[in-house]
Amino acid sequence: MRPLRVGPPAGRLDGSCRVPGDKSICHRSLLLGALAEGESVIEGFPGGADVCATLDAVRRLGAQATRTGDTVRLVGAGLGLGPTGEVALDCGNSGTTMRLGAGLVAGGPGLVVLDGDASLRRRPMERIAAPLRQMGAIVETTEGRAPLRVRGGALAGIDYTLPVASAQVKSAVLLAGLRARGTTRVREPLRSRDHTERMLAHQGVRLARHDDGVSVEGGQTLRPLALTLPGDPSSAAFLAVAALLLPGSAMRVEAVDVNPTRIGAFRILGRMGASIAVEGGRDVAGEPIGDLVVRHAPLRGTAVTPEEVPDAIDELPILAVAAAFATGETRFTGAAELRVKESDRLAALEQLRPLGVAVTALPDGLVVHGDPARRLRSGRIVTGGDHRIAMAFAVAALRAEGGLVIDDPACADVSFPGFFDLLHALGAVVEPA
C-alpha cells in the first residue's frame with residue numbers, strides 16, 4: 001500500500017462500528033484448540049497477519065484447520081500435538097505466536113524451529129527460554145533472540161516467578177505446564193492479562209488462582225471451543241481517542257471485550273476526563289463483553305504508573321497522542337518494554353516533537369506536555385513497520401493542519417485490517433499521499 005495522507009474531517013466523527021476480533025484471544029483459541037480433543041469452531045477470526053501466522057503454525061504442528069471467511073474450524077490433536085521430526089514455524093511479526101508457540105511445543109515430540117521477520121528477530125526471547133529449560137525442554141536462542149530451536153520432551157512442573165509482568169511469558173509456561181508432570185505455578189509481580197486462564201477454565205481445565213498468580217496440574221484433557229471472538233479493546237482504543245479529540249463526536253464500538261486486565265487504557269482515559277460508558281454487558285466463553293459508547297470530552301494530564309502499564313501496554317502509543325491534547329503534563333513511567341516491541345515505540349513517539357508537541361524522553365517512558373487547543377503541524381511519520389505507531393499517528397492527524405503522511409499504512413493490517421477504510425468511513429480524510 002502506498003503512503004496515505006490522513007487529515008481532519010470536515011465535522012465530527014459519528015456512528016457505530018465494530019473492530020476486528022480480539023487478537024490476544026484469537027491466538028489462544030487457536031493454540032488451545034490445537035491441544036483440545038475434538039473440533040473447535042472460532043467465529044469472528046480477524047484475519048490479520050499475526051493471527052494468520054498462528055493459524056499456519058497449528059496446522060504445521062498437526063492440527064486440522066480450515067478457514068471460511070471469518071470462521072475457523074479446528075480439529076485438535078490433543079496433548080500429543082507436535083511433529084515427530086523437525087518442523088519450521090514462520091511467526092512473521094508476531095511475538096505472541098513465537099512466545100506462546102514455544103511453550104506449546106516444549107512438551108511435545110520433535111524439534112521445532114520458530115523464526116520471524118527482522119523486527120521479531122530483534123525482540124528478546126531468553127525470557128521464554130529460561131523457564132522452559134527449567135521444566136526440561138531443550139531451548140536454543142540466537143544470542144538471546146530468534147530463531148529459537150525447541151526440542152520437546154518430558155517436562156516437570158516448576159514454581160516460577162516472572163522477572164517482569166508478561167502475559168506472554170506466563171501463558172507460555174502454562175501451556176508447557178499442560179503437558180508437564182505435576183503442578184506448574186507462575187507468580188507475577190503485577191497482574192497481566194488473563195485470557196489464557198479464562199479460556200483454559202472454559203475448556204474444563206482445573207486451575208488454582210492465587211493472589212500472586214496461577215497454577216495448573218499437567219495431563220488434563222482440554223474440551224474443544226465454540227466461541228465468537230469479541231472486538232479487540234486495543235483496537236477500540238484508537239477509535240475511542242479519535243472521538244474524544246474531535247468536538248461533537250459520538251461513537252459506539254460494538255461487542256468489545258471488557259476484561260478488567262485489558263481495559264487499563266480506558267481506566268486511564270477515564271481519569272483524564274474521557275466520557276466512555278459500557279452498555280449491554282454480557283459474557284462470552286468466560287470473557288465480559290459490552291458496547292463502548294464514547295463522546296468528545298476535554299482531557300487533562302495524568303501520571304501513568306508502572307503498576308498500570310501491564311494492563312495498557314499496547315495502548316500506550318495512543319494514550320501518548322491523547323496526552324498531546326490534554327491540559328497539562330502526562331508522565332508515563334515503567335514502560336521500558338515499549339523499547340522492545342515491534343519497534344522502539346518510545347523513540348517512535350518522539351516524532352510528536354517536530355509536529356509541535358513538547359516531549360521529554362525517559363529511559364522507561366515519556367513525558368508529554370499537552371495543550372487542548374493544539375493543532376499539529378503537518379509532517380511525514382516513519383512507522384518502522386509498527387501497526388500501533390501507524391494507527392496512533394493516524395489519530396493524531398485528525399488534529400493536524402494539513403494532515404500527516406503515514407509512510408507504511410499497510411502495517412496496520414497486522415492487528416486491524418481495514419483500519420484506514422473505517423477511519424475514512426467515520427469521516428476522516430484518508431487519501432493517497
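# Pockets, cavities and backbone features of a predicted model

By class, the lining of the largest pocket has 10 nonpolar, 12 polar and 15 charged residues. This pocket belongs to a predicted model, and the space within it comes to about 610 Å³. Its lining is made up of 37 residues. Those lying nearest the centre of the largest pocket are S166, A167, I313, E337 and K341. Four elements, α1 (23-35), α3 (95-106), α5 (167-177) and α11 (387-396), give two or more residues each to this lining. The largest share comes from α1, which supplies four residues.

## The second largest pocket

The second largest pocket holds about 180 Å³ of space. Of the 15 residues that line it, R18, T228, L229, P230 and G231 lie nearest its centre. Two strands, β17 and β18 (275-284), are the elements that give two or more residues to its lining. By class, seven of the lining residues are nonpolar, four are polar and four are charged.

## Enclosed cavities

Rolling a probe the size of a water molecule over the atoms shows where empty space is left. In this model, two cavities reach 30 Å³ or more.

The largest cavity has a volume of about 50 Å³. I25, H195, R198, M199, L227, T228, P230, V284, A285 and E287 form its lining. The elements giving two or more residues to that lining are α6 (195-202) and β16 (226-228). With three residues, α6 provides the largest share. T228 and P230 appear both in the lining of the largest cavity and among the residues nearest the centre of the second largest pocket.

The second largest cavity has a volume of about 40 Å³. Its lining consists of L316, A320, F332, L338, L346, L349 and L366. At least two of these residues come from α9 (316-324), and at least two from α10 (345-349).

The class composition of the two cavity linings is set out below.

| Cavity | Nonpolar residues | Polar residues | Charged residues |
|---|---|---|---|
| Largest cavity | six | two | two |
| Second largest cavity | seven | no | no |

## The four-stranded sheet and α9

Strands of a sheet pair through backbone hydrogen bonds, either parallel or antiparallel. One sheet of this model is open and has four strands, in the order β20-β21-β23-β22, with mixed pairing. Because β20 (303-304) and β22 (358-362) each have a single partner strand, they stand at the edges, and one side of each is left without a neighbour in the sheet.

Within the sheet, β21 (residues 328-332) and β23 (residues 365-370) run antiparallel and are joined by five bridges. One residue pair connects this part of the sheet with the second largest cavity: F332 has L366 in β23 as its bridge partner, and both F332 and L366 belong to the lining of that cavity.

The helix α9 lies across β20, β21 and β23 and runs at about 25° to β23. The same helix is one of the elements that supply at least two residues to the lining of the second largest cavity. Helix α9 and the bridged pair F332 and L366 thus come together in the description of a single cavity, whose lining has no polar and no charged residues.

## Backbone exceptions

Most residues other than glycine have a negative phi, and most peptide bonds are trans. Three sites in the model call for attention in this respect.

The peptide bond from A146 to P147 is cis, with omega near 5°. P147 is found in strand β9 (residues 145-151).

In the loop between β8 (138-142) and β9 lies E143. Its phi is near 55°, a positive value in a residue other than glycine. Is E143 buried or exposed? The relative accessibility of E143 is 78%, so this residue counts as exposed, the cut-off being over 50%.

A255 likewise has a positive phi, near 55°, and is a residue other than glycine. It is placed in strand β17 (residues 250-257). The relative accessibility of A255 is 10%, and this residue therefore counts as buried, the cut-off being under 20%. The strand that holds A255, β17, is also one of the elements that give two or more residues to the lining of the second largest pocket.

Terms used. Residues numbered from 1 in each chain as written. Predicted model: local features only at pLDDT ≥ 70, side-chain atom pairs only at ≥ 80, totals over all residues. Heavy atoms only, no water. 1 Å grid on protein atoms, 1.4 Å probe; cavity = no way out; pocket = protein on both sides within 12 Å on 5 of 7 lines; lining within 4 Å. Points joined across faces, edges and corners; volume = space filled by probe spheres on them. Nonpolar A, V, L, I, M, F, W, Y, C, P; charged D, E, K, R; others polar. Buried < 20%, exposed > 50% of the residue type's maximum accessible area, 1.4 Å probe, protein only. Pairing = 2+ DSSP bridges. Contact = heavy atoms within 4.5 Å. Axes fitted to C-alpha atoms, helices over the stretch in contact; angles between N-to-C directions.
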